[in-house]
Structures are given as structure tokens and as C-alpha cells.
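Here are my notes on the fold. Please read them with the structure open.

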Amino acid sequence: MNTARDSVNDRVVPKLDTPQRIHVVAAGGAAMSAICHILSRMGHQVSGSDQVSSEVLIGLRRDGLVMTVGHEASAVHDKDLIVVSTAVKPGNIELDEALRLGLPVSGRPDVMEALGEITDTLAISGTHGKTTTSAMAAMAAEALGMVPSFIVGGVVNQLGTGVRWTGARRFIVEADESDNSFLRFHANDVIVTNIEADHLDFHGDMANLERSFDDFVTQGRGRSTVCADDDGVLAMIGRVGRDRFCTYGTSEGSDYRIVGLRTEGMRTRFRIRHNEQDLVELNLMVPGEHNARNATAVLAGLHGLGADPGKLGESLSGFTGVGRRFEFRGESQGITFVDDYAHLPSEVAAVVSSSSRGGWGRVIAVFQPHRYTRIRDVGRDFAESFDGADLVVITGLYAAGQEPIDGISGRTVFDAIREARPNQHLVYCETREELEGLLLSELTPGDLCLTMNAGDLTTLPKSLLASLRGEP
């Protein structure tokens, strides 16, 4: 059998150098659909299944892959390898049948490890910012003729996709710290945007999360590019040792230092200094200091791999964003609608801060708290995240399948803001109906309606635009 045993979880790290018949269980998720695309492009015969139909499954079918709705034992018959999502547990009929037949079973981390063994991987991680940074890296590497393969957790606007397999050595990956799968990538080079409390339901405490990032940066065989503006990263540098790292940021002493930063509406201009000299000037088409850091991370990382800084600056200046990262959703009656995936305190603070300098009459910030465990761990840390917003609307909590925790709700965030910022114009709306009614009565020409969430609030701009335009 074309596999090697993984002693950690008794699943297999597949050898992908010869064509195989591969079945993917729970193929409809973003991460697993990316695996489907890549395995298919590598020449494997790929099928998959999921419990419900989705646009993702339809897209995979459109690309020629056999995708079915519902699970059947027969789906794994005559297959060489079964790949399962981490959400798939014993009791799933396809997994159970594969185990009964003695078929090799791999998880997503196993496949990523296998891909890392045959590529030169640049893995980009951090508790936030990694999607935009990965998208910038993929776009810049493409523009520079590196012909990269990549997996990004969103659609890169200029490339029209978030996943591509070219067969070239360079592989750019958004590396997920939520379940430690990023420790399996065998990355040559890594970028870390920041380290703050998140996914503590998996890691247990901050010390374990920090140890995971320490292991992530020391696994790299090449360059570790990290943000010198982040306290969590600075603590990691102290633990691991400064000589391992190339740093970037606005802080003095950064190897790649951001200077002359200014935001002008939806644009961000700045220079990057390296070795005490101006290296390049960037004029980004996306707003905010956080995006200046993301672009500088990419420039520093790819410059270290030999890319020309002038060409890097030119390509990055053309970056227009990635889906759900300060994504323009429309305008009606002089009201602008933007949606963002921000769901952690520092993410929200960065998006609100850049929005407040965007030239709108008012910034109406609408935030949907996400997951009981996350709000339990960091809910009160949102207290100062909305500084700069003219009106803050907090909604009911989006559970993301979690069981309720006593005393934790959307009001946990609301109460933290009210206590820390008693003069903040602040409203709580538990239901979607209540929220839409409030916003339709409140929004006026010149306003920015900024929705921030990792749940289902992303559909709100479409509903509000339809109401403002008199559409059914």
C-alpha cells in the first residue's frame, strides 16, 4: 500500500507521488474542499461526500469531481485512500466501513504533511491576519512568476480562487493553529502575524498555545518572519532567541520597519526601511495599519527568498483584498456597507480604527460575538475594541454548534463595553429582526455600516440593501 504509518494517531501520511483513488469524507468544508482540489490537480481520482448539499459541493462537481450528498458505506469500496475531516468521528458509516475493510485513513493534517514533504512550503500563521497575509503572498508570488501552489482561507480577488495546485516547488499555506495542525506542515519558511488568546477550548490555556507557536517557528528549516509590534510575538522571541527571527513592523529595531504610514480613505501609504535605508514605498488599495503590517510581512518573507523588493512593492500595491476582509458589499441612499471576518478583540479594534479614518460621516459598527468558549475566554477584552465607532450594536451570540455556557452570551461583550466606555453610544439586539429594524431606522446618508463576525451576520448587508432599494 502506498502509505506510511503515523505513530501519533495511527492514521497514515499518504505518499502522493503516484495516482490513487481517493474518497474524501465531509468534503463540503472549506479546508477539505481545498484538499479535494489539490488531490485532483495532482492527478488522483477524487470522490467525496457530505451530509448536506452546498455551493462548495456544487463547485467541486463543476470541476469534474464526483460528489454525493449523504454517506453510504459503498462510497469507500474500491478506494486506495480515505481522507476524513477532523469533524468525522467513529460512527460515520463511511469511516466505519473503511476501518472494517482495513483501508488506509488520513486526516487533513496527514495530507498537509505529505504535501510539505514534496514542496518548499511558506506557512503563514497567527491568531488573526493570516488569511489576508496568505492572500497577499499568493498574489505577489504569482505576479513575480514563482507559479506558486497555495491554500488561502478565502478567495483572493485578483486570482479568483483561494486554492491552486501548479506542481511547482513553492507552496504557500495559511497555517491553522486552532488544532495544532500547523505543526505538521514541515514548512521551510514561516510567518507569524501575532499571538493572542484564541482556541483555548483546544489548547487549554495560553501557555499551551504559546508552546505551539514556539514549536511552529522552530520547525522551519529556513526563515522565520514575525511581527515586532505584537506582545505575544515579542514574548516568543524572548523564549526562543532573537537570532532565529526576521522582524517587521512599526517598532524601532524592526528588520523591515514601516515608516510614514498614512491612511487616505480606502488606501494606505507607507515606506519600508531595511538596513537603515528606504527599501520600497507601498500604496495599498486596502485600508489600515494592520494591512500595512500584513503587506510588510509578505515583502520581508519573499525578499528573504530572493524576490526583488521593487517588484514586490508593485505587486502588493495592486492587492484589492480577500473575501470577508473589509469587503465592500454595496451602497444605497449614500450608505456604504462593508463586511469583515473580525471576531477577536484586536481584529475588531484594527478594523474599527481604520474605518474611523476612512472619511465616512459616521461608523456604525455591528458585532456578532462568536462561540461560547471564545466569549468566555476573551469576551471582556472587547471593552475598548470599538473606540472610534459612532454607534456600536452588539447582537446575540452565534454558537457555531457549541452548547451554552452559564453566564455567557452576547451581553458579556455588551456589558464589558458599557462598563469601560460609559459614554459610548451602545445598543444590544438579541434577534435578527430587532437588529434589521434598528439599523433601517438609524442609518443615514454618509454612514458606513460595518458588520464584523465569523457567523451568519455576513448576510445582513444584502438584506439591508434590498430593503433600502425596495426589493422583495
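1. In strand 13, which residue is the bridge partner of Ile-191? The partner is Thr-225. Keep in mind that the model is predicted. The pair belongs to strand 12 (residues 189-192) and strand 13 (residues 224-227), which run in the parallel sense and share three bridges.

2. Now the whole sheet. Ten strands form an open sheet with mixed pairing. Their order is 10-9-11-8-12-13-14-15-16-17. Strand 10 (161-164) and strand 17 (277-284) stand at the edges. Each has a single partner strand, so one side of each lacks a neighbour in the sheet. On average, neighbouring strands are turned by 20° against each other, direction ignored.

3. Helix 5 (residues 130-143) packs on this sheet. Its contacts are strand 8 (120-125), strand 9 (149-156), strand 10, strand 11 (170-174) and strand 12. The direction of helix 5 makes about 125° with that of strand 9.

4. Helix 7 (residues 206-219) lies across strand 8, strand 12, strand 13 and strand 14 (245-249). Against strand 12, helix 7 runs at about 145°.

5. Next, a helix pair. Helix 14 (residues 432-442) packs against helix 15 (residues 460-468) at an angle of about 50°. Their axes are 11 Å apart. The angle makes helix 14 oblique to helix 15. Their crossing is right-handed.

6. Who meets whom there? Helix 14 brings Arg-432, Leu-435, Glu-436, Leu-439 and Leu-440. Helix 15 brings Leu-460, Ser-463, Leu-464, Ser-467 and Leu-468. By type, the contact residues are six nonpolar, two polar and two charged.

Methods:
Residues numbered from 1 in each chain as written. Predicted model: local features only at pLDDT ≥ 70, side-chain atom pairs only at ≥ 80, totals over all residues. Heavy atoms only, no water. Axes fitted to C-alpha atoms, helices over the stretch in contact; angles between N-to-C directions. Helix = DSSP H or I, 4+ residues; strand = E, 2+ residues; numbered from the N terminus. Parallel < 35°, antiparallel > 145°, perpendicular 65-115°, else oblique. Left-handed = near helix turned anticlockwise from the far one by under 90°. Contact = heavy atoms within 4.5 Å. Nonpolar A, V, L, I, M, F, W, Y, C, P; charged D, E, K, R; others polar. Pairing = 2+ DSSP bridges.
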